[in-house]
Amino acid sequence: MKEFYNSLTFDGTDYQMQSVNLRDFSEKTATPFYIYDMNYIINKYERLKMCFPYESVRIFYAMKANYNPHILKIMKEHNFCLDTVSPAEVILAKKIGFDAKNILFTANNMTDAEMKTVKEQGVLFNIDSLYRLERFGKAYPGSEVCIRINPDVVAGENDKVATAGDLSKFGILLGDVQKAVAIAKEYDLKIVGVHEHTGSGIADTGKVFESMVNLLQIINPTDFPDLEFVDFGGGFKVPYEPDEKENDYEEFGAKAVELFRTHCERYGKALKLYFEPGKFTMADSACMVLQANTVKNNKGRLIVGTDSGFPHLIRPVLYGAYHHVVNLSNPQGEVKVYDIYGNTCESGDCFAMQRELPEIRPGDYLAIMNAGAYCRSMASEYNLRPLPAEYVIYDGEVITAKKKLSHEELAERILKDYGM
Ligand code: LLP
């Protein structure tokens, strides 16, 4: 029986990820920990590709969503391509074995030093300002490059992740495209790609379509004679709430491909079609498991204290994001309403407010769902607690992807980091 929409199944008594019973696993594993279903990740990636019935579609996984090297290594074996944002991401990807031609580098506000480091790695740059394009042209005349255009559409799950529109810091404005073309000419740069990324978690695929139309309008063989691909970024939405439905990406894909084909005919060449999903690839493949240790009844309000906190999974606090919570230990308990808090020194440190959940008792294991994207990768050691362990289930086997440090080990590591 499939419960909810993600990688967990519920048989009426227990939650499983593949063949792993999460209650049993939690009882013998130090919490908090992240656990990922690798086969689910691979399926999501392949499924998205299938939504675009086009010969040369390429999906670049945005590795900022989760850079766990064990996951990246298996992704590499399955021929994933990567979108990267920092020199260390590029270097990590190369060390894991990704070929430079399967890596795109889309940095924002990069320095000259970063530019040099990444250029030495041989990956294609996606440049998002006229200033940087000029610096790049001066330093590396004759190079191939991709340029990021601001498609002038505001969309995304919240203001912090809407990455286009007049006031956005990203991309070259549509009105400045001729200036970019002129810079490219001056330095003999070959613009092989044109890119946009409108935002993250975009509910309305109509907005994405609009941004595609806007971007394609500027693409013609006169200004872009060397073009090989158009990259429409990420932003594919994943349902986080139980009653949310996934967008119909098959329908969207068919429409997008039709638009793209028509454009390619006008352009006079079959361009490649790129996307860069982070959230869609990863979000619902994982959960973070933590343990309740305190239950308070504050004048009728039930407050659950746990052994993790927002430093380990910040999306609810930072974005007000909804993450579904599951009681792994007592799934058939009497339903009550709970506020579920973390263990740090801030009252905002809350995973979920006023949630109906089967009775939570101290010692119960809770799973915070949709923890695959932008959760572990945005975690910190604030309040100096060890980061969660990470486990990856692949073909039924559990890989210990990262151990959790003990408190002693963490204190020692801090001293070492600071040269003491
Ligand atoms: N490409 C570029 C250039 C991006 O900036 C991003 C995300 C992506 C692709 C992947 O977007 P996705 O498919 O994951 O929506 N921390 C936020 C999300 C930040 C996304 C930033 N850019 C969150 O937890 O919602």
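Student: Where does the ligand sit in this structure?

Tutor: Happy to start there. This is a predicted model, and in it the ligand occupies the largest pocket.

Student: Which residues are closest to the ligand, and how many surround it?

Tutor: The shell is made of 19 residues. The closest are Ser200, Glu276, Lys279, Arg315 and Tyr374.

Student: What is the make-up of that shell by class?

Tutor: Sorting the neighbours by class is a handy way to read a binding shell. Here there are six nonpolar, seven polar and six charged residues around the ligand.

Student: Which polar atoms of the protein pair with atoms of the ligand?

Tutor: The general idea is to look for N or O pairs within 3.5 Å. Tyr374 is one case: a polar atom of its side chain is 2.6 Å from a ligand oxygen. Tyr319 offers another, with a side-chain N or O atom 2.8 Å from a nitrogen atom of the ligand. Gly235 takes part through its backbone, where a polar atom lies 2.9 Å from an oxygen of the ligand.

Student: How much of the ligand's accessible area does the protein cover?

Tutor: On its own the ligand has 580 Å² of accessible area, and the protein covers 93% of that.

Student: Let us move on to single residues. Is Asn327 buried or exposed?

Tutor: To read burial, compare the relative accessible area with the cut-off: under 20% means buried. Asn327 has a value of 2%, so it is buried. Its place is in strand β16, which spans residues 325–327.

Student: What polar contacts does the side chain of Asn327 make?

Tutor: Two are worth finding in the viewer. The side chain of Asn327 has a polar contact of 3.2 Å with the side chain of Asp364. In addition, a polar atom of the Asn327 side chain lies 3.0 Å from the backbone nitrogen of Ser329.

Student: What about Val326, buried or exposed?

Tutor: Val326 also belongs to strand β16. With 4% relative accessibility, Val326 counts as buried. For a distance to check, its C-alpha atom is 10.0 Å from that of Glu356, a residue 30 positions away along the chain.

Student: Which peptide bond is cis, and what is its omega?

Tutor: For this feature, read the omega angle. The bond from Thr31 to Pro32 is cis, and its omega is near -5°. Pro32 is located in the loop between α1 (22–27) and β4 (33–37).

Student: Which residues other than glycine have a positive phi?

Tutor: Two to look at are Gln354 and Asp395. Gln354 has a phi near 50°, and Asp395 also has a phi near 50°.

Student: Where do Gln354 and Asp395 lie?

Tutor: Gln354 is in strand β18, residues 350–358. Asp395 is in the loop between β20 (389–394) and β21 (397–402).

Student: Why does Asp395 count as exposed, and Gln354 as partly exposed?

Tutor: The exposed class begins over 50%, and partly exposed lies between that and the buried limit of 20%. Asp395 is at 58% relative accessibility and therefore counts as exposed. Gln354 is at 43%, so it counts as partly exposed.

Student: How far apart are Arg301 and Gln354 in sequence and in space?

Tutor: A good habit is to read sequence separation and spatial distance together. Arg301 and Gln354 are 53 residues apart in sequence, with 8.7 Å between their C-alpha atoms. Arg301 is in strand β15, residues 301–306. Its relative accessible area is 36%, so Arg301 is partly exposed.

Student: And how far apart are Leu216 and Pro388?

Tutor: That pair is 172 residues apart in sequence, and the C-alpha atoms are 44 Å apart in space. Leu216 is in helix α8, residues 205–217. At 4% relative accessibility, Leu216 counts as buried.

Methods
Residues are numbered from 1 along each chain as its sequence is written. This is a predicted model: local features need pLDDT of at least 70, side-chain atom pairs count only at pLDDT 80 or more; totals for chains, interfaces and linings use all residues. Side-chain values use heavy atoms; hydrogens and water are left out. A residue is near a molecule or strand if one of its heavy atoms lies within 4 Å of it. A polar contact is a pair of N or O atoms within 3.5 Å; within protein, one must be able to donate a hydrogen and the other to accept it, and residues adjacent in sequence count only if both atoms are side-chain atoms. Accessible areas come from the Shrake-Rupley method with a 1.4 Å probe; for residues, only the protein chains shown count as cover. On a 1 Å grid over the protein atoms alone, a cavity is a set of points where a 1.4 Å probe fits but cannot get out, and a pocket is an open set with protein on both sides within 12 Å along at least five of seven lines; lining residues have an atom within 4 Å of a point. A molecule sits in a cavity or pocket if more than half of its atoms lie within 2 Å of its grid points. Ala, Val, Leu, Ile, Met, Phe, Trp, Tyr, Cys and Pro count as nonpolar, Asp, Glu, Lys and Arg as charged, and the others, Gly among them, as polar. Helices (H or I, at least four residues) and strands (E, at least two) are DSSP runs, numbered from the N terminus. Buried means under 20% relative accessible area, exposed over 50%, partly exposed in between (1.4 Å probe, protein chains only).
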